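Work through the exercises below with the sequence and the structure side by side, and try each task before reading its solution.

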Amino acid sequence: MNSVKTYDVIIVGAGIVGGALACALGGSDHKVAVIEAQPLNTDWPEQSEAIDGFDARVSALTLASKNFLNSMGVWELIAGRRVSPYREMHVWDAEGTGNIHFNAQDVNQPVLGHIVENRITSKALLQKIQQYNNIDFIAPAKLETIQSGDDSSYQLLLDDGRTLDAALLVAADGANSKVRNLAGMEMREWDYGHDAIVATVKNENSHQQTAWQRFLPEGPLAFLPLSTADHHQQYCSIVWSAIPSYAENLMALDDADFSAALGTAFENTLGEVLEVSHRFSFPLRQRHAVDYVKTGLALIGDAAHTIHPLAGQGVNLGLMDALALSEELLRAQQRQLNPGSLAVLERYQRRRKAANLSTMAGMEGFKRLFEQPALPIRWARNVGMRWLNKTPPLKNQLIRQAMGL
Ligand SMILES: Cc1cc2nc3c(=O)[nH]c(=O)nc-3n(C[C@H](O)[C@H](O)[C@H](O)COP(=O)(O)OP(=O)(O)OC[C@H]3O[C@@H](n4cnc5c(N)ncnc54)[C@H](O)[C@@H]3O)c2cc1C
């Protein structure tokens, strides 16, 4: 018969958010297990500068996220790799003359944020997790089913036949969270009516360490600056969100025609698009859990909420979930409270739910505003953008909020 191993905290999913929560609990008195479906690989990816040598999934990490990663000694592992700071941000409307320009100097910061390939952030977190004796990393292993016990604990059955017990089960297993579904946690969700195409591109001209976003009638198009080992500034990661029929047509184009369409949609702001990597496309859905917690269980990151990538906030919100939950768990430990107790978990929920909802509502408002074809709305939107651009106190408050300050 299999013996049952018991933990204080079991985290299902070692993506960026689950990995960050594990690191934040590293070295504490909590006995932690992390279960990840993918095999463990802590080797750093080769930093090839071939167009397909970059991860197509990148994140714009805010200053708040960087500070969190720094506090765990993870940022220093990331900083030695390909990381591109961006100091400016240009946002403009394809249907008029409205534009906004943000500059880090205006808010007395050296940078607005950093663009990092997701696999680099993940590898740095995994390397850190390996250093802690209080964390068991179980991979590859998939959660199959869960059962709640008579007390507040959960019993987990893995696909390799192992059985584990947790005082607190944390779902960090992404947008289609199995934990959330098995636990019957209710979600509010709807389609954004957009697919996102992601790829790496090489441009004719330098990206100038600037994040660029053009709002087109079909959806927003972002060019995010990438760095290379020899500091070439021609590579960008693109996120092109568009109505599904339009995105399907773009996906069907060959590389030359896609590059030409991309250059035109971006007004060739960085010159011609010279090269494009393999493209990936994802349907975008907004999701938000009605409750993030119940006794013995908590949702974090994409398992709790997913958001349109137009402002690059998804992983940043998830990292702030991981920070808040880790703080509440460490506080509970000092007070000798059960980590799965509802009182402990509700403190986490109170800290994160309102913040996540307000960011999601803001993004939804932006998306809706920019997809309105009616002339009076387009006119008002462009006037509003120009006014905001000339109103530093408001503009700076907006950018400080986006930076998580
Ligand atoms: C096109 C696009 C662009 C984006 N750009 C940005 C951006 O610029 N900035 C930003 O902040 N966010 C961005 N996001 C959002 C961001 O990518 C996500 O919010 C983030 O990756 C979520 O991380 P996570 O750790 O919660 O989930 P995930 O990354 O999905 O990780 C979940 C983990 O759980 C594991 N898992 C799943 N099921 C099981 C199981 N049954 N058993 C064991 N393990 C399991 C998976 O293998 C995976 O490792 C973007 C999203 C999209 C779609």
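A residue counts as buried when its relative accessible area is under 20%, as exposed when that value is over 50%, and as partly exposed in between. By this cut-off Trp240 is buried, and Phe258 is buried as well. The model used throughout is a predicted one.

**Exercise 1. Describe the chain as a whole: which secondary structure does it hold, and how compact is it?**

Solution. Begin with the elements: the secondary structure of the protein chain comes to 11 helices and 20 strands. Next, turn to the radius of gyration, which is 22 Å and close to the 22 Å that the globule rule gives for 405 residues, so the chain is as compact as a globular protein of that length. Along the principal axes, the C-alpha atoms fill a box of roughly 65 × 45 × 45 Å. Then consider the interior, where buried residues make up 53% of the 405 residues. Finally, take the contacts between residues at least 6 apart in sequence: 75% of these join residues at least 24 apart.

**Exercise 2. Work out which strands pair with strand E11, and in which sense each of them runs.**

Solution. Start with E11 itself, which spans residues 163-171 and is mostly covered, with 9 of its 9 residues buried. One partner is strand E1 (residues 4-12), which pairs with E11 in the parallel sense over 8 bridges; within this pairing, Lys5 has Leu164 of E11 as its bridge partner. Another partner is strand E10 (residues 154-158), which runs antiparallel to E11 and is joined to it by 4 bridges, and here Gln155 is matched with Asp165 in E11. E10 and E11 also form a hairpin with 4 residues between them, and Gly161 in the turn has a positive phi of about 90°. A further partner is strand E19 (residues 297-299), paired with E11 in the parallel sense over 3 bridges, with Ala171 standing opposite Leu299.

**Exercise 3. Find the partner of Trp92 in E6, and place this residue in its hairpin and its aromatic cluster.**

Solution. Strand E5 (residues 88-93) and strand E6 (residues 99-103) pair in the antiparallel sense over 5 bridges, and the bridge partner of Trp92 in E6 is Asn99. The two strands form a hairpin with 5 residues between them, in whose turn Gly96 has a positive phi of about 155°. To complete the picture, look at the rings: Trp92 forms one aromatic cluster with Trp212, Phe223 and Phe266.

**Exercise 4. Classify the ring pairs that Trp240 makes with Tyr246 and Phe258.**

Solution. The count for the structure comes to 7 aromatic pairs. In one of them, Trp240 and Tyr246 lie 6.3 Å apart centre to centre with 70° between the planes, which makes the pair edge-to-face, since planes over 60 degrees apart are classed in that way. The pair of Trp240 and Phe258 is tilted, at 5.9 Å centre to centre and 50° between the planes. Trp240 lies in strand E15 (residues 235-242) and Phe258 in helix H7 (residues 255-265), so this pair ties together parts that are 18 residues apart in sequence. As for accessibility, Trp240 has a relative accessible area of 1% and is therefore buried, whereas Tyr246, at 30%, counts as partly exposed.

**Exercise 5. Decide whether Ile120 and His30 are buried or exposed, and list what each of them touches.**

Solution. Ile120 is found in helix H4 (residues 118-129), and because its relative accessible area is 2%, this residue is buried. Leaving aside neighbours within four places in sequence, Ile120 is in contact with Trp44, Gln47, Ile78, Arg81 and Arg82. Of these, Arg82 can be followed one step further, as its charged end sits over the ring of Phe54, 4.1 Å from the ring centre.

His30, by contrast in setting, lies in the loop between helix H1 (16-25) and strand E2 (32-35), and with a relative accessible area of 4% this residue is buried. Not counting residues up to four places away in sequence, His30 touches Asp8, Val9, Leu25, Asn134, Leu329, Leu330, Gln333 and Pro339.

**Exercise 6. State how many disulfides the structure holds, and how accessible Cys23 and Cys236 are.**

Solution. The structure holds 0 disulfides. Cys23 is buried, with a relative accessible area of 3%, and Cys236 is buried with a value of 0%.

Notes: Residues are numbered from 1 along each chain as its sequence is written. This is a predicted model: local features need pLDDT of at least 70, side-chain atom pairs count only at pLDDT 80 or more; totals for chains, interfaces and linings use all residues. Side-chain values use heavy atoms; hydrogens and water are left out. Buried means under 20% relative accessible area, exposed over 50%, partly exposed in between (1.4 Å probe, protein chains only). Contact means heavy atoms within 4.5 Å. Rings of Phe, Tyr and Trp (its six-membered ring) pair if their centres lie within 6.5 Å; planes under 30 degrees apart count as stacked, over 60 as edge-to-face and the rest as tilted. A charge sits over a ring if NZ of Lys or CZ of Arg is within 6 Å of the ring centre and within 35 degrees of the ring normal. A disulfide is a pair of cysteine sulfur atoms within 2.5 Å. Two strands pair if DSSP finds at least two bridges between them. The radius of gyration is taken over C-alpha atoms; the globule rule is 2.2 Å times the number of residues to the power 0.38.
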